[in-house]
Amino acid sequence: MHSSRISTWIVWTFFLMAILAGVAFFSLAVGAVDLPLRKAFFLLTKGRGTPEYTILFEVRLPRILLGFAVGGGLAISGVILQGMFRNPLVEPYTLGISGGAALGVCLNMVVGGPRGLGPLATPASGFLGAMGIVFMVYAISVRGKVIRLSRILLVGVMVSFMASSLIMLVMAVTRTEDLHGIIFWIMGSLEEPSAALIKTILFISLGGMILSFLFAVDLNALSLGEEEAFHLGIEVERVKKALLLIASLLTGCCVSVSGIIGFVGLVVPHLMRLLVGSDHRILLVASYISGAAFLILCDTLARVAIAPMELPVGVITGLVGGGVFIYALSRKGYSF
Amino acid sequence: MKVFCSCSWGQHSRLFFYKAMLLAFLLLFFSHAFSPPLKANDGQERSFDIPRLPQRIVSLVPTVTEELYLLGVGDKVVGVTVYCHRPPEAQTKEKVGTVVDVNIEKIIELRPDLVIASPLTDHKQTRKLRDIDVEVEIFYEAKDFQGLCENFLRLSQLVGAERKAEKIVEKAKRELEAVKKRIEGIAKSKVFVQIGANPLFTADGGSFFNDLIECAGGINIAGDAKTGIFSREEVIKRDPDIILIVTMGIVGQKEKEVWLRYKTINAVKNHRIFTLDSYRVCSPTPVSFVETVKELVEIFHAQQ
């Protein structure tokens with residue numbers, strides 16, 4: 001039984017990876033400009049400096065890499081938080097991370113945030129905002145050394161509301177030139193010119209994946225309930241803290257670079273739980289890969305749907321993700 | 001097949017699901033992989049002539065597009081935004097996006113040697129273009145006629161048409177002076193300009209609209225406002241003689257009806273609510289600025 005389960009997992013992993021590779025190639029191949037992939041190899045060796053080379057490797061490829069990092073990162077944050085809180089409605093943004101990041105970015109654009117960072121000022125202020133809010137929520141919810149999960153959730157939701165009210169306040173008094181920058185940031189986009197930043201996010205996202213995989217068994221225990229996990233010999237408080245930290249850091253990094261891209265962290269974990277089951281050892285891996293594939297695919301659709309204009313990627317993640325998920329739910333009795 | 005049996009989803013439907021997904025994938029993938037390849041070289045000679053003036057210009061600013069045509073280099077424009085309506089010839093050029101959201105791939109494909117952007121263009125996108133060695137010049141919105149002329153002259157230097165630009169500016173200035181002289185001494189009307197509805201949006205003292213109204217012999221009642229958001233109550237209190245609505249077609253008509261409800265406003269009493277063509281008014285060149293001033297003079301001083 002055990003070995004057959006592992007081989008099932010391996011098959012799933014390879015299957016999802018094949019999909020990811022397919023999506024990545026598809027995304028490389030389509031866009032506002034027609035470029036056949038067959039030419040890619042030729043371009044790679046001889047095409048430096050041609051517009052086609054630039055489009056493929058300096059415009060499309062960075063977006064795919066960022067989509068991979070952000071999609072995967074958000075998906076496993078969702079898995080971790082849903083497993084830990086044992087609540088199907090929790091997603092990476094529930095704890096106020098997105099609200100904090102958005103507030104940080106807004107303030108940076110309107111009053112000017114960390115100086116001397118140049119183009120890195122926006123992601124830096126987003127990250128600071130996200131971490132600030134998470135720390136606040138955490139500090140309010142912790143008593144003694146115990147994190148009360150139900151409380152952290154409520155505080156998080158309230159703080160999110162407060163953050164969005166504050167954002168509206170900032171937007172109401174801001175200049176028109178800054179306003180559209182804020183709106184665009186909030187809508188979320190995988191366009192990011194800085195290659196170094198993309199590499200950093202990739203590194204953090206993959207690191208987060210590996211780290212959280214080390215906690216997969218603890219997550220399995222935690223999803224039975226805190227008391228059960230304790231009796232199974234899990235150091236509940238330490239694990240909760242570590243998982244909360246991983247999930248917040250991952251989400252904070254993703255949000256600060258790409259803006260608020262919704263739905264990935266909510267739908268992908270559920271969909272994967274439907275397909276591969278709720279053992280976190282496979283669920284984390286499967287969610288990471290399919291979250292990456294999902295976001296890359298959605299971004300590609302957003303790029304080509306009304307070219308030369310571009311839709312906000314959140315439009316597609318919401319429509320595609322929600323649709324697929326409702327379909328999947330109706331096909332099978334799914335309980336969290 | 002055994003590996004899939006551990007899940008409770010019916011094996012049959014699951015297999016079908018896979019096949020369908022696989023098929024969809026292959027279709028999507030190959031439909032693009034086998035499209036005809038691009039021509040290796042479409043014979044576009046790269047001229048490195050001595051005065052390296054831009055030969056392929058992408059304009060992301062409607063005003064700049066119009067100005068390029070004024071300067072006689074319209075044939076060098078290879079890409080515009082979907083809002084570049086003036087002159088009509090500009091609409092035949094390749095569209096690369098809107099003012100705030102452009103398609104980088106399209107721009108790269110056009111191989112421009114100059115891209116003109118505005119501060120409204122997504123900063124990430126301008127940075128990206130500069131990273132891949134495309135020359136990007138950013139033109140800020142002019143705050144008055146003077147700024148408009150300076151922008152125009154700066155643009156003319158970029159494309160090597162200074163002479164022509166100076167002549168155009170000279171002529172525009174002369175005409176503007178003539179208009180100002182003509183309306184000297186005539187009583188000024190209080191004017192409210194509406195640029196947007198919900199929230200009510202107007203032109204504050206720092207916008208070129210303010211200059212436009214003053215040049216045409218009007219007083220902008222929102223001249224002291226810090227931002228464009230303005231309350232209707234304030235409009236009623238300040239009681240403008242004229243209301244100008246700068247929005248397109250149907251919306252303008254609807255807004256006019258809204259104003260008609262406030263019967264105490266002078267402009268309503270005297271039926272002096274007018275709508276303006278936003279394409280021309282909102283993206284002014286030195287030439288169209290003067291044209292608009294003339295039109296406003298007609299409106300402001302028609303009954304006096």
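**Salt bridges, sheets and rings in a two-chain model**

Trainee: About how many helical turns separate B:Glu175 and B:Lys171 in helix 6 of chain B?

Mentor: Keep in mind that we are looking at a predicted model. These two residues sit four apart in helix 6 (residues 162-182) of chain B, so their separation is about one helical turn.

Trainee: Is B:Lys171 buried, partly exposed or exposed?

Mentor: The side chain of B:Lys171 meets that of B:Glu175 in a salt bridge of 3.4 Å, N to O. For B:Glu175, the relative accessibility is 24%, so this residue counts as partly exposed. B:Lys171 has a relative accessible area of 48%, and because exposed means over 50%, B:Lys171 is classed as partly exposed.

Trainee: Which residues are joined into one network by salt bridges that share partners?

Mentor: For this one, turn to chain A, where salt bridges have partners in common. The network they make consists of A:Arg63, A:Glu191, A:Asp299 and A:Glu310.

Trainee: How many residues apart in sequence are the parts tied together by A:Arg63 and A:Glu310?

Mentor: Over all chains there are 20 salt bridges, and one of them brings together the side chains of A:Arg63 and A:Glu310 at 2.9 Å, N to O. A:Arg63 belongs to helix 3 (residues 51-85) of chain A, while A:Glu310 is in the loop between helix 13 (280-304) and helix 14 (313-331) of chain A, so the parts being tied together are apart in sequence by 247 residues.

Trainee: Is B:Lys106 buried or exposed?

Mentor: B:Lys106 shares a salt bridge of 3.3 Å, N to O, with B:Glu94. That pair links strand 3 of chain B, which holds B:Glu94, to helix 3 (residues 104-109) of chain B, which holds B:Lys106. B:Glu94 has a relative accessible area of 34% and is partly exposed. The relative accessibility of B:Lys106 is 14%, so this residue counts as buried.

Trainee: Now the open sheet of chain B: which are its edge strands?

Mentor: Five strands with parallel pairing make up this sheet, in the order 3-2-1-4-5. An edge strand pairs on one side only, and here those are strand 3 (94-95) and strand 5 (136-138) of chain B.

Trainee: What is the bridge partner of B:Ile57 in strand 2 of chain B?

Mentor: Strand 1 (residues 57-59) of chain B pairs with strand 2 (residues 77-80) of chain B in the parallel sense, over two bridges. Within strand 2 of chain B, B:Ile57 is partnered by B:Val77.

Trainee: How many residues apart in sequence are the parts tied together by B:Phe145 and B:Phe289?

Mentor: Eight aromatic pairs are found over all chains. The pair of B:Phe145 and B:Phe289 is tilted, with 5.0 Å from centre to centre and 35° between the planes. B:Phe145 is in helix 5 (residues 145-159) of chain B and B:Phe289 in helix 12 (residues 286-301) of chain B, so the parts tied together are apart in sequence by 144 residues.

Trainee: Which residue lies over the face of B:Trp259?

Mentor: B:Trp259 is part of an aromatic cluster with B:Phe192, B:Phe230 and B:Tyr262. At 4.8 Å from the ring centre of B:Trp259, the residue over its face is B:Arg232.

Trainee: In strand 10 of chain B, what is the bridge partner of B:Ile245?

Mentor: Strand 9 of chain B runs parallel to strand 6 (residues 189-196) of chain B, joined by four bridges. Three bridges join strand 9 of chain B to strand 10 (residues 273-275) of chain B, also in parallel. In strand 10 of chain B, the partner of B:Ile245 is B:Thr275.

How values were computed
Residues numbered from 1 in each chain as written. Chains lettered and ligands numbered in written order. Predicted model: local features only at pLDDT ≥ 70, side-chain atom pairs only at ≥ 80, totals over all residues. Heavy atoms only, no water. Pairing = 2+ DSSP bridges. Phe/Tyr/Trp six-rings, centres within 6.5 Å; stacked < 30°, edge-to-face > 60°. Lys NZ or Arg CZ within 6 Å of the ring centre and 35° of its normal. Salt bridge = Lys/Arg side-chain N within 4 Å of Asp/Glu carboxyl O. Buried < 20%, exposed > 50% of the residue type's maximum accessible area, 1.4 Å probe, protein only.
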